[in-house]
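Welcome to this short guided tour. Keep your viewer open and select things as we go.

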Amino acid sequence: ELKVEQSPPSLIIQEGPTGINFDHSFTTSDTFLWYRQDQGKSLESLFLLMSNRTVRKKGGLTASFDIKAHGSPLHITASHPGLSATYFCAVDA
């Protein structure tokens, strides 16, 4: 059975760095995609991670690809109101 999980399921940031993690049970995966959706707007592509140990940074966000951990953490390094949104991750297995 294939499983996909995000932890925590939702996150409300007060201050300081934090993040969410996307985990999956696929034995092979070569692409993670992170998206952002502002309230009432369309999905916006944030990061495309195509190889192990890839790290991408953008405006207070850092995403990475770790094939051994079967996951892609998204770290919010500097919380501010402009980062308030819904974030989605997808994996190509």
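The tour starts with the whole chain and then moves to single residues and strands.

**Stop 1: the whole chain**

Before selecting anything, please note that this is a predicted model. Show the chain as a cartoon. What do zero helices and eight strands look like on screen? From the N terminus on, you can follow the elements as β-β-β-β-β-β-β-β.

Now switch on the surface. The accessible surface of the chain comes to about 5,900 Å², and carbon and sulfur atoms hold 52% of that area. Of the 93 residues, 29% count as buried. If you look at contacts with a separation of 6 or more, 46% of them come from residues 24 or more positions apart.

**Stop 2: a pair of rings**

Select Phe 32 and Phe 65 and show their side chains. They make up the one aromatic pair that the structure holds. Is this pair stacked or edge-to-face? The ring centres lie 4.7 Å apart with the planes at 85°, so the pair is edge-to-face; planes over 60 degrees apart fall in that class.

Where do the two rings sit along the chain? Phe 32 belongs to strand S3 (residues 31-37), while Phe 65 is in the loop between strand S6 (61-64) and strand S7 (71-76). The pair links distant parts of the chain, with these positions 33 residues apart in sequence numbering.

Turn the surface back on and look for the rings. Phe 32 counts as buried because its relative accessibility is 0%, and Phe 65 is buried too, with a relative accessible area of 2%.

**Stop 3: two threonines that touch Phe 65**

Keep Phe 65 selected and add Thr 31, which lies in strand S3. Thr 31 counts as buried at 9% relative accessibility. Leaving aside residues up to four places away in sequence, Thr 31 touches Leu 48, Leu 49, Met 50, Phe 65, Ala 90, Val 91 and Asp 92.

Next, add Thr 54, in the loop between strand S4 (43-49) and strand S5 (55-58). Is Thr 54 buried or exposed? Thr 54 counts as buried, at 10% relative accessibility. With the same sequence neighbours left out, Thr 54 touches Leu 49, Ala 63, Ser 64 and Phe 65. Phe 65 and Leu 49 therefore appear among the contacts of Thr 31 and of Thr 54.**Stop 4: two salt bridges**

Clear the selection and pick out charged side chains. How many salt bridges does a search of the whole structure find? The search finds two.

Select Asp 38 and Arg 36. Their side chains meet in a salt bridge, at 2.7 Å from N to O. Asp 38 is partly exposed, with a relative accessible area of 22%, whereas Arg 36 is buried, with a relative accessible area of 10%.

Now select Lys 58 and Glu 44. In their salt bridge the closest N and O atoms are 3.8 Å apart. This pair links distant parts of the chain: Lys 58 is in strand S5 and Glu 44 in strand S4, 14 residues apart. Lys 58 counts as partly exposed at 39% relative accessibility, and Glu 44 counts as partly exposed at 33%.

**Stop 5: strand S6 and its partners**

Select strand S6 and show its side chains. In a regular strand, side chains alternate between the two faces of the sheet. What covers the faces of S6 can be read from its residues: Leu 61 and Ala 63 on one side and Thr 62 and Ser 64 on the other are all buried, and both faces are covered.

Add S5, which runs antiparallel to S6 and is joined to S6 by four bridges. Look for Lys 57, which stands opposite Thr 62 in S6. The hairpin of S5 and S6 has two residues between the strands, and in this hairpin Gly 59 takes a positive phi near 45°.

Then add S7. S6 and S7 pair in the antiparallel sense over three bridges, and Ala 63 stands opposite Leu 74 in S7.

**Stop 6: two glycines**

For the last stop, keep Gly 59 in view and select Gly 82, in the loop between S7 and strand S8 (86-92). Gly 82 counts as partly exposed, at 44% relative accessibility. How far apart are Gly 82 and Gly 59 in sequence and in space? They are 23 residues apart in sequence and 9.3 Å apart in space, C-alpha to C-alpha.

Key:
Residues are numbered from 1 along each chain as its sequence is written. This is a predicted model: local features need pLDDT of at least 70, side-chain atom pairs count only at pLDDT 80 or more; totals for chains, interfaces and linings use all residues. Side-chain values use heavy atoms; hydrogens and water are left out. Rings of Phe, Tyr and Trp (its six-membered ring) pair if their centres lie within 6.5 Å; planes under 30 degrees apart count as stacked, over 60 as edge-to-face and the rest as tilted. Buried means under 20% relative accessible area, exposed over 50%, partly exposed in between (1.4 Å probe, protein chains only). Contact means heavy atoms within 4.5 Å. Accessible areas come from the Shrake-Rupley method with a 1.4 Å probe; for residues, only the protein chains shown count as cover. A salt bridge is a side-chain nitrogen of Lys or Arg within 4 Å of a carboxyl oxygen of Asp or Glu. Two strands pair if DSSP finds at least two bridges between them.
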